[in-house]
Amino acid sequence: MEYEKIDWNEIWKKLMIAQQKLDKIGDKNEYWNKKENAELFWKRSQEHSKKTCDILMELPFTSNSRILDIGSGPGRLAIPLAKKVSHLTAVEPAKGMIEILKENIKKESIDNIKCINKRWEEVDVENDLDATYDIVIASFSLGMPDIKEAIKKMEQASSKYIYLYWFAGVTPWEKHSIALWPSLYGTNYIAGPKCDVLYNVLYNMGIYPDMHVFSMEYTNNFVSIDEAIDFYKKRFIIQTNEQERILYKYLKNILVQKNNQLVEYGHSKRVRISWAKD
């Protein structure tokens with residue numbers, strides 16, 4: 001069948017590279033290398049503690065478990081997980097994120113986390129990591145163009161389970177980009193690959209995972225339209241007065257007034273893709 005000849009890894013790669021080329025932040029590590037951006041991310045992530053708890057509850061760890069958290073960021077999962085397991089290794093490429101993570105580790109008096117400041121693609125499983133891990137997690141951190149090779153390394157690093165979290169359908173921030181890109185930059189925005197492509201990559205690798213789709217709501221709260229514009233100017237690299245006018249008009253249409261604040265409401269479908277190693 002023609003369907004069986006589709007190279008899903010190549011589809012993932014083309015979509016990921018196309019999206020990353022359009023991303024005005026450029027190399028996202030440069031954005032997250034700045035401590036103030038990482039700190040803001042950490043603060044906003046704490047507003048969604050219920051979803052963090054939900055993820056922790058579904059992971060099959062014990063007090064003796066060893067965990068590998070790929071793309072750990074400032075420690076949304078790593079910090080609470082480390083308190084419940086024997087050891088956790090956090091792989092995070094952005095210096096700002098690692099800096100906040102280390103501050104959180106010190107603040108919480110945690111002594112069982114090892115931090116690796118590298119991209120997952122740069123990690124040498126045998127030399128950088130400590131033996132194998134009971135659970136390998138990559139939570140919304142799959143921005144790797146060659147996802148097949150990335151998964152092979154996860155399999156190599158895991159002795160029991162792999163848990164991936166990714167997106168199903170267009171995300172709220174992609175909707176913003178799709179709406180704004182033609183006016184801001186004179187071109188259409190290309191959304192990145194989603195869970196359908198990821199599942200087919202796994203299937204072609206002989207991996208048949210469990211999949212669980214769930215909804216996630218989030219809010220961004222701003223005290224004024226100026227604060228909202230400053231927040232999105234950094235994300236979209238707004239450089240001209242005309243671009244700022246376009247952004248202002250867009251935000252005025254989507255932000256909702258509530259309790260003396262302007263609120264952006266977001267809704268997305270996400271998916272947990274997990275499997276046990278044979």
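Modeller: Let's start with a yardstick: a residue is buried when its relative accessible area is under 20%, exposed when it is over 50%, and partly exposed in between. Keep in mind that we are reading a predicted model.

Colleague: Thanks! With that yardstick, is Glu99 buried, exposed or partly exposed?

Modeller: Glu99 has a relative accessible area of 36%, so this residue is partly exposed.

Colleague: And which side chain does Glu99 meet in a salt bridge?

Modeller: The general idea is that side chains of opposite charge can pair when their charged atoms come close. Here Glu99 and Lys35 form a salt bridge, at 3.5 Å from N to O. Glu99 belongs to helix α6 (residues 95-107) and Lys35 to helix α3 (residues 35-45), so the salt bridge ties together parts that lie 64 residues apart in sequence. Lys35 is partly exposed too, with 29% relative accessible area.

Colleague: How many salt bridges does the whole structure hold?

Modeller: A search of the whole structure gives 11 salt bridges. One of them joins Lys114 and Asp130, whose closest N and O atoms are 3.2 Å apart. That pair links distant parts of the chain, as Lys114 sits in strand β3 (residues 113-116) and Asp130 in the loop between α7 (125-128) and β4 (133-139), 16 residues apart. Lys114 is partly exposed at 26%, and Asp130 is partly exposed at 32%.

Colleague: Which residue meets Lys233 in a salt bridge?

Modeller: Lys233 pairs with Glu244, at 3.4 Å from N to O. Because Lys233 lies in helix α11 (residues 225-236) and Glu244 in helix α12 (residues 241-254), their bridge ties together parts 11 residues apart in sequence. Lys233 is partly exposed at 26% relative accessibility, and Glu244 is partly exposed at 28%. Some bridges also share partners: Lys35, Glu99 and Glu103 are joined into one network in this way.

Colleague: You mentioned α11. Which of its residues are buried?

Modeller: In α11 the buried residues are Ile225, Ala228, Ile229, Phe231, Tyr232 and Phe236. Around the axis they cover an arc of only 165 degrees, which places them on the same side of α11. The general idea behind such a pattern is that an α-helix has 3.6 residues a turn, so residues three or four places apart point the same way.

Colleague: What do those buried residues of α11 pack against?

Modeller: Their packing partners are α3, α9 (172-185), β6 (210-222), α12 and β8 (261-276).

Colleague: How far apart are the end C-alpha atoms of α11?

Modeller: They are 16 Å apart, which agrees with the 16 Å that its 12 residues should span at 1.5 Å a residue. Just after α11, Ile237 takes a positive phi of about 50 degrees.

Colleague: Let's turn to the rings. How should I read an aromatic pair?

Modeller: A pair of aromatic rings is described by the distance of the centres and the angle of the planes. This structure holds 16 aromatic pairs. In one of them, Tyr203 and Tyr208 are edge-to-face, with 5.1 Å from centre to centre and 70 degrees between the planes. The angle counts as edge-to-face because the cut-off for that class is over 60 degrees. Tyr203 is partly exposed at 44%, whereas Tyr208 is exposed at 55%.

Colleague: Which residues form an aromatic cluster?

Modeller: One cluster is formed by Trp12, Phe140, Tyr165, Trp166, Phe167, Trp173 and Tyr218. Phe140 has a charged partner as well: Arg270 lies over the face of its ring, 4.8 Å from the ring centre. A similar reading applies to Phe231, where the charged end of Arg44 sits over the ring at 4.6 Å from its centre. Phe231 is also among the buried residues of α11.

Colleague: Could we finish with two single residues? Is Ser274 buried or exposed?

Modeller: Ser274 is buried, at 5% relative accessibility. This serine lies in strand β8. Setting aside neighbours within four places in sequence, Ser274 is in contact with Ile162, Tyr163, Pro209 and Asp210.

Colleague: And where does Gly71 lie?

Modeller: Gly71 is in the loop between β1 (66-70) and α5 (78-82), and counts as partly exposed at 26%. Leaving out neighbours within four places in sequence, Gly71 is in contact with Val91, Glu92 and Ser141. The C-alpha atoms of Gly71 and Ile137 are separated by 8.7 Å, with these positions 66 residues apart along the chain.

Conventions: Residues are numbered from 1 along each chain as its sequence is written. This is a predicted model: local features need pLDDT of at least 70, side-chain atom pairs count only at pLDDT 80 or more; totals for chains, interfaces and linings use all residues. Side-chain values use heavy atoms; hydrogens and water are left out. Rings of Phe, Tyr and Trp (its six-membered ring) pair if their centres lie within 6.5 Å; planes under 30 degrees apart count as stacked, over 60 as edge-to-face and the rest as tilted. Buried means under 20% relative accessible area, exposed over 50%, partly exposed in between (1.4 Å probe, protein chains only). A charge sits over a ring if NZ of Lys or CZ of Arg is within 6 Å of the ring centre and within 35 degrees of the ring normal. A salt bridge is a side-chain nitrogen of Lys or Arg within 4 Å of a carboxyl oxygen of Asp or Glu. Helices (H or I, at least four residues) and strands (E, at least two) are DSSP runs, numbered from the N terminus. The expected span of a helix is 1.5 Å times one less than its number of residues. The arc is that of the directions from the helix axis to the C-beta atoms. Contact means heavy atoms within 4.5 Å.
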